[in-house]
Amino acid sequence: MPPLNLPPAELRLGGTAMKPTVFDILRRRYVALTPEEWVRQNFIHYLINHKKYPQELLANEVPLQVGDKSLRADSVLYDRQLHPRMIIEYKAPTITITQKTFDQITVYNMLLHVDYLIISNGLNHYCCKMDYEGKKYLFLEEIPEYQNL
């Protein structure tokens, strides 16, 4: 897998050369090692180990329902009362982050109404703080430490 614009993470790899897997510490099981999963696992380790996000408040592949359509948010951070605080959307490193990506995470946020949105392809990271009163989002220069949320 390609190097990312994230600190190195100690990931547990498994599977075979034809079907590699990586251990997801949030789902507590091995999952297929796709380019997007590579970004997700490295990013989750970054949040936990470098930004001090509590592992027990993070979840991967969170199911959402929009009418009769089933969706999945890549990762969600909850507060201590288990209310969603942040949605994180990942793309493979070869995928350019576009307005379509922001539109996708916005649909998720219509359901969860969080304070922060993050989008990352492992190379470029975008973090926005929601301003519901002003009906806009504010881009932050860096991903905040957990204690500063």
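Tutor: A disulfide is a pair of cysteine sulfur atoms within 2.5 Å. This is a predicted model in which local features need pLDDT of at least 70 and side-chain atom pairs count only at pLDDT 80 or more, while totals for chains, interfaces and linings use all residues. Residues are numbered from 1 along each chain as its sequence is written, and side-chain values use heavy atoms, with hydrogens and water left out.

Student: How many disulfides does the structure hold?

Tutor: The cysteine sulfur closest to that of C127 belongs to C128, and it lies 6.6 Å away, which is too far for a bond. Seen from C128, the closest cysteine sulfur is that of C127, again at 6.6 Å and too far for a bond. The number of disulfides in the structure is therefore 0.

Student: Is C128 buried or exposed?

Tutor: A residue is called buried under 20% relative accessible area, exposed over 50%, and partly exposed in between, with a 1.4 Å probe and protein chains only. The relative accessible area of C128 is 1%, so this residue is buried.

Student: Which element supplies the largest share of the largest nonpolar core?

Tutor: A nonpolar core is a set of buried Ala, Val, Leu, Ile, Met, Phe, Trp, Tyr and Cys residues joined through side-chain atoms within 4.5 Å. The largest one has 27 residues, and F43 and I143 have the most contacts inside it. At least two residues each come from β2 (20-24), α1 (35-49), β6 (84-90) and β7 (116-120), where helices (H or I, at least four residues) and strands (E, at least two) are DSSP runs numbered from the N terminus. The largest share, 7 residues, is supplied by α1.

Student: Which cysteine does I143 touch?

Tutor: Contact means heavy atoms within 4.5 Å, and residues up to four places away in sequence are not counted here. Among the residues that I143 touches are F43, Y46, L47 and I118, and the cysteine in its list is C127.

Student: What is the separation between the C-alpha atoms of E141 and C127?

Tutor: E141 is placed in the segment after β9 (136-140), and it is exposed, with a relative accessible area of 86%. C127, in contrast, is buried at 3%. The two residues are 14 residues apart along the chain, and their C-alpha atoms are separated by 7.5 Å.

Student: Is V66 buried or partly exposed?

Tutor: V66 is found in strand β4, which covers residues 58-66. Because its relative accessibility is 35%, V66 counts as partly exposed.
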